[in-house]
Amino acid sequence: MIVVAGEALIDLVPQGPGALADLKPALGGGPYNTALALGRLGSRTAFCSRTSSDAFGEALLDGLRQAGVDVSAVQRGAEPTTLAVATIDTNGSAAYSFYVEGTADRLFTAPVELPSGTRAVSFGTCSLVLEPGASAYEELMRTAAAQGVFTVLDPNIRAGLIPDADAYRARFKSWLPSVSLLKLSEEDALWLGGTPREWLAAGPSAVVITQGGDGLTVFTRDGAVHSVPGEKVDVVDTIGAGDTVNAALLHGLSARDALSPTALGGLRADGWTRLLRFAARAAAITCSRAGAEPPYAAELGEL
């Protein structure tokens with residue numbers, strides 16, 4: 001079982017460029033997209049979150065169920081669903097404004113235990129920023145790591161939600177001893193400061209950095225660096241691309257029985273190259289579609 005912990009929300013996706021483009025509601029949230037993508041790839045997946053009992057909340061859970069994701073660990077509340085309003089530039093890149101005050105996902109509480117058979121837990125995005133839920137997700141991360149569970153962190157920075165950048169950067173560093181695999185974009189890396197080598201020294205066994213259309217690079221604790229180019233595709237938008245990479249990495253590592261820091265450290269150049277290429281293919285398919293629509297296993301071919 002791979003557990004994805006974090007927010008589920010509704011993306012209001014513009015149907016064209018510019019601030020006044022028509023908006024279409026779509027299921028979203030970084031962790032939600034990761035869980036959906038894992039389900040579509042065929043990994044046994046559970047979602048750990050808190051969602052509204054409103055119509056949007058029901059639609060979010062229905063989307064996960066249709067992908068085969070276990071939602072029995074999802075907490076519910078009467079508060080409204082978080083909304084994220086996207087704007088798309090001429091290159092298909094998305095920027096977001098969030099409506100988060102008094103929403104259901106902020107009131108997440110850490111569960112007493114993880115679902116049976118949990119081998120990995122993935123964290124990231126708004127859920128690690130917005131209190132009081134952020135502290136509960138942080139508690140879950142530290143507890144899972146202490147129990148020997150493989151942990152993945154994708155900070156997926158949304159700077160507009162972070163009131164104190166320096167405090168968040170310090171908090172990010174405090175998470176690293178509890179992280180097995182750190183994945184982040186070039187933009188996130190620049191915003192956070194530091195280098196892959198500094199982050200590796202603090203805890204993770206590997207750091208994967210996404211570079212948009214230029215591909216992906218992994219840095220490992222033994223000093224190795226492996227890169228693959230991006231897959232060429234006509235980009236509609238980039239919504240959910242990084243989340244799809246998270247899912248592809250987790251799915252691929254699970255298929256290789258490498259969901260442990262020791263096994264991760266044992267991956268060699270060929271293993272990393274094949275894994276990163278798989279993730280690049282998956283992300284490219286997501287970019288070729290409007291909104292966060294990650295691929296199914298049958299669309300990707302051999303892992």
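**Exercise 1. Determine the handedness of the crossing of H7 and H9, and describe the packing of these two helices.**

Solution. The crossing of H7 and H9 is right-handed, where a crossing counts as left-handed if the near helix is turned anticlockwise from the far one by less than a right angle, and as right-handed if clockwise. This is a predicted model, in which local features need pLDDT of at least 70 and side-chain atom pairs count only at pLDDT 80 or more, while totals for chains, interfaces and linings use all residues. Residues are numbered from 1 along each chain as its sequence is written, and side-chain values use heavy atoms, with hydrogens and water left out.

Next, take the geometry: H7 and H9 (residues 269-287) pack at about 145 degrees with their axes 8 Å apart; axes are lines fitted to C-alpha atoms, for helices over the stretch in contact, and angles run from 0 to 180 degrees between N-to-C directions. Helices (H or I, at least four residues) and strands (E, at least two) are DSSP runs, numbered from the N terminus.

Then list the contact (heavy atoms within 4.5 Å): H7 contributes residues including Ala241, Val245 and Leu249, and H9 residues including Leu275, Phe278 and Ala282. The residues of this contact divide into 12 nonpolar, 4 polar and no charged, with Ala, Val, Leu, Ile, Met, Phe, Trp, Tyr, Cys and Pro counted as nonpolar, Asp, Glu, Lys and Arg as charged, and the others, Gly among them, as polar.

**Exercise 2. Work out the strand order of the open sheet, and explain why S4 and S14 each have one side without a neighbour in the sheet.**

Solution. The 8 strands follow the order S4-S1-S9-S10-S11-S12-S13-S14, with mixed pairing; two strands pair if DSSP finds at least two bridges between them. Strands S4 (45-48) and S14 (225-228) stand at the edges, and because each has a single partner strand, one side of each is left without a neighbour in the sheet. From one strand to the next, the twist averages 15 degrees.

At the S4 edge, S1 (residues 2-5) pairs with S4 in the parallel sense over 4 bridges, and Val3 has Ala46 in S4 as its bridge partner. Finally, H7 (residues 241-255) lies across S1, S9, S10, S11, S12 and S13, running at about 155 degrees to S11.

**Exercise 3. Identify which aromatic cluster Tyr168 belongs to, and classify its pairs.**

Solution. Tyr168, Trp175 and Trp191 form one aromatic cluster. Rings of Phe, Tyr and Trp (its six-membered ring) pair if their centres lie within 6.5 Å, and planes under 30 degrees apart count as stacked, over 60 as edge-to-face and the rest as tilted. A search of the whole structure finds 5 aromatic pairs. Tyr168 and Trp175 are 5.6 Å apart centre to centre, with 85 degrees between the planes, an edge-to-face pair. For Tyr168 and Trp191, the centres are 6.0 Å apart and the planes stand at 65 degrees, so this pair is edge-to-face. The latter pair links distant parts of the chain, Tyr168 in H4 (residues 165-175) and Trp191 in H5 (residues 186-192), 23 residues apart.

As for exposure, Tyr168 is buried at 5% relative accessibility, and Trp175 is buried at 0%; buried means under 20% relative accessible area, exposed over 50%, and partly exposed in between (1.4 Å probe, protein chains only).
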